[in-house]
Amino acid sequence: MAELLSDDQLNDILPKLPDWIAQDAALVRTVELASFAQAIMVVNRVAEIAENDNHHPDVDIRYKTLTFRLSTHFKGGITALDVSLAEEIDGVVDALS
């Protein structure tokens, strides 16, 4: 079972996730894609990963701008599950943008 990351652990991890910030007990990243269609492609691929991992992000879609919020809700904050999903989201954004 995933445990909450300590502040020290989070401070060590965040430099490895330069596009993410810790905000309100979640990892948050906003990305702007070239088009609405491209943004939806990213969301669809992230949805596949989330289903496979059984760990789901909050996603805000505003035209071609996506905001991902990752938090392990049953733990009340950020865990290694969120870090892993953030890394996977980065890979999807890099591959599809």
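Reader: Quick one to start: is aspartate 19 buried, exposed or partly exposed?

Author: Aspartate 19 counts as partly exposed, because its relative accessibility is 45%, and the cut-off for exposed is over 50%. Keep in mind that this is a predicted model.

Reader: OK, and what does aspartate 19 form a salt bridge with?

Author: Its partner is arginine 29, and the closest N and O atoms of the two are 3.6 Å apart. Arginine 29 sits in strand β2, while aspartate 19 is in the loop between α1 (7-13) and β1, so the salt bridge ties together parts that are ten residues apart in sequence.

Reader: Is arginine 29 buried or exposed?

Author: Arginine 29 is buried, as its relative accessible area is 8% and buried means under 20%.

Reader: Which other side chain meets arginine 29 in a salt bridge?

Author: Aspartate 90 does, at 2.6 Å from N to O. That one links distant parts of the chain: aspartate 90 belongs to helix α3 (residues 80-96) and arginine 29 to strand β2, 61 residues apart. Aspartate 90 counts as buried too, with 13% relative accessibility. Put together, Asp19, Arg29 and Asp90 are linked in a network of salt bridges.

Reader: How many salt bridges are there by this rule?

Author: Six. One of them joins the side chains of glutamate 48 and arginine 45, at 2.9 Å from N to O.

Reader: Where do glutamate 48 and arginine 45 lie?

Author: Both are in helix α2 (residues 36-53), three residues apart, which is about one turn of the helix. Glutamate 48 is partly exposed at 49% relative accessible area, and arginine 45 is partly exposed at 37%.

Reader: Switching topic: how many residues of strand β2 are buried?

Author: Five of the seven residues in β2 (residues 26-32) are buried, so the strand is mostly covered.

Reader: Which way do β1 and β2 run, parallel or antiparallel?

Author: They run antiparallel, with three bridges joining β1 (residues 21-23) to β2. In that pairing, isoleucine 21 stands opposite valine 28. The hairpin of β1 and β2 has two residues between the strands, and aspartate 24 takes a positive phi near 50° in this hairpin.

Reader: And how many bridges join β2 to β4?

Author: Six, and β2 and β4 run antiparallel as well. There, glutamate 32 of β2 stands opposite threonine 65 in β4.

Reader: What about threonine 67, where is that found?

Author: Threonine 67 is in strand β4 (residues 65-70). Its side chain has a polar contact of 3.0 Å with the side chain of threonine 30.

Reader: What else is threonine 67 in contact with?

Author: If you skip the neighbours within four places in sequence, threonine 67 is in contact with Val28, Arg29, Thr30, Asp58, Val59 and Asp60. So Arg29, the residue from the salt bridge network, turns up on that list too.

Reader: Last topic: which residues form the nonpolar patch on the surface?

Author: The patch is formed by Phe36, Val59, Ile61 and Tyr63, and together they have about 380 Å² of accessible area. Val59 also came up as a contact of threonine 67.

Reader: Where is isoleucine 61 found, and is it buried or partly exposed?

Author: Isoleucine 61 is in strand β3 (residues 58-62). With a relative accessible area of 37%, isoleucine 61 is partly exposed.

How values were computed: Residues numbered from 1 in each chain as written. Predicted model: local features only at pLDDT ≥ 70, side-chain atom pairs only at ≥ 80, totals over all residues. Heavy atoms only, no water. Helix = DSSP H or I, 4+ residues; strand = E, 2+ residues; numbered from the N terminus. Polar contact = N/O pair within 3.5 Å; in protein donor to acceptor, adjacent residues only side chain to side chain. Contact = heavy atoms within 4.5 Å. Patch = residues over 30% accessible without salt bridge, like charges linked within 9 Å, V, L, I, M, F, W, Y side chains within 5 Å. Areas by Shrake-Rupley, 256 points an atom, 1.4 Å probe, with all protein chains shown as cover. Salt bridge = Lys/Arg side-chain N within 4 Å of Asp/Glu carboxyl O. Buried < 20%, exposed > 50% of the residue type's maximum accessible area, 1.4 Å probe, protein only. Pairing = 2+ DSSP bridges.
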